[in-house]
Amino acid sequence: MRSRSFTSAMLAVLATAGLLATGSQAEAAPQAPASASTYNLTTVIDQWTHWTPDPYTSSHAGTLYAGTSYFYCWVHGAWYSNNGHSDDIWLLTDDDTGNGGVYVSDVNLDSWGWHHDQQVLSEC
C-alpha cells in the first residue's frame, strides 16, 4: 500500500481555495490550473463525481463513466475503499454529465493507473 499523509499545507491550500467552506458546493468547485496538462487514465467502473475530494452523498456532482478519461492533478482527501484498493488520493477531472472541476477517487483506476497516477499527474 502506498504511504500518504494529509499535511497541514494541503489543508491551508484547500481552505484558501474555499473547499472547506460550507457554502454552495458548486461555487467551491475547483478549476483546473491554467498551466495544467491532462493525462489519460482508465477507470474500471461508472462512478459518482464529487465537488470535494470525498465519497459523501452531500458532495455528489455527477457521473464519470468507466473508460479512458483525462485527469488534471491529484489531492489528498477522505479515505475511500473500492476495487480492492484503499487510499486518500482524489483526481481532479471533468465528468461525463457536464460538470467541470470535480473529483473521483483513484481506487477505481485500472491497476496501472492506480500504481502510477501520482507519477504521471502533478499534485493540485
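In this predicted model, L91 touches L41, F71, C73, W74, V102, Y103, V104, D106, L109, D117 and L121, leaving aside residues up to four places away in sequence. Several of these contacts recur in the account of the interior that follows.

**The nonpolar cores**

The largest nonpolar core has 11 residues in all: L41, L64, F71, W74, I89, L91, V104, V107, L109, W114 and L121. A second, separate core of 6 residues includes C73, V75, W90 and L92. L91 thus belongs to the largest core, while C73, one of the residues that L91 touches, is listed in the second.

**Helix α3**

Helix α3 spans residues 111-120, and its buried residues are G113, W114 and D117. Viewed down the axis of α3, these buried residues fall within an arc of 95°, so they line one face of the helix. A general rule helps in reading this arrangement: an α-helix has 3.6 residues a turn, so residues three or four places apart point the same way. The buried residues of α3 pack against three strands, namely β1 (39-43), β5 (73-82) and β6 (85-93). Two of these buried residues have already appeared: W114 is a member of the largest nonpolar core, and D117 is among the residues touched by L91.

**Strands β6 and β7**

Strands β6 and β7 run antiparallel and are joined by 4 bridges. Within β7, S105 is the bridge partner of W90. In a regular strand the side chains alternate between the two faces of the sheet. Strand β7 (residues 102-105) has V102 and V104 pointing one way and Y103 and S105 the other way, and all are buried.

Strand β6 also contains D87, which is buried with a relative accessible area of 0%. The side chain of D87 reaches the backbone nitrogen of I89 at 3.1 Å. L92 is another residue of β6, and its relative accessible area of 2% makes it buried. L92 and T49 are 43 residues apart in sequence, yet their C-alpha atoms are 9.5 Å apart in space.

In strand β5 lies H76, a buried residue with a relative accessible area of 7%. The side chain of H76 makes a polar contact of 3.0 Å with the side chain of D88.

**Aromatic pairs**

How many aromatic pairs does a search of the whole structure find? The search finds 2. Y70 and Y72 form an edge-to-face pair, with 5.7 Å from centre to centre and 80° between the planes. The rings of Y80 and W90 have their centres 5.9 Å apart and their planes at 50°, so this pair is tilted. Because Y80 lies in strand β5 and W90 in strand β6, the pair ties together parts that are 10 residues apart in sequence.

The table gives the accessibility of the four residues in these pairs.

| Residue | Relative accessible area | Class |
|---|---|---|
| Y70 | 33% | partly exposed |
| Y72 | 15% | buried |
| Y80 | 26% | partly exposed |
| W90 | 2% | buried |

The tilted pair therefore brings together a partly exposed residue, Y80, and a buried one, W90. In the edge-to-face pair, Y70 is partly exposed, whereas Y72 is buried. Residue W90 also connects the topics of this report: W90 is included in the second core, has S105 as its bridge partner and shares an aromatic pair with Y80.

Terms used: Residues numbered from 1 in each chain as written. Predicted model: local features only at pLDDT ≥ 70, side-chain atom pairs only at ≥ 80, totals over all residues. Heavy atoms only, no water. Buried < 20%, exposed > 50% of the residue type's maximum accessible area, 1.4 Å probe, protein only. Helix = DSSP H or I, 4+ residues; strand = E, 2+ residues; numbered from the N terminus. Arc of directions from axis to C-beta. Contact = heavy atoms within 4.5 Å. Core = buried A, V, L, I, M, F, W, Y, C linked by side-chain atoms within 4.5 Å. Pairing = 2+ DSSP bridges. Phe/Tyr/Trp six-rings, centres within 6.5 Å; stacked < 30°, edge-to-face > 60°. Polar contact = N/O pair within 3.5 Å; in protein donor to acceptor, adjacent residues only side chain to side chain.
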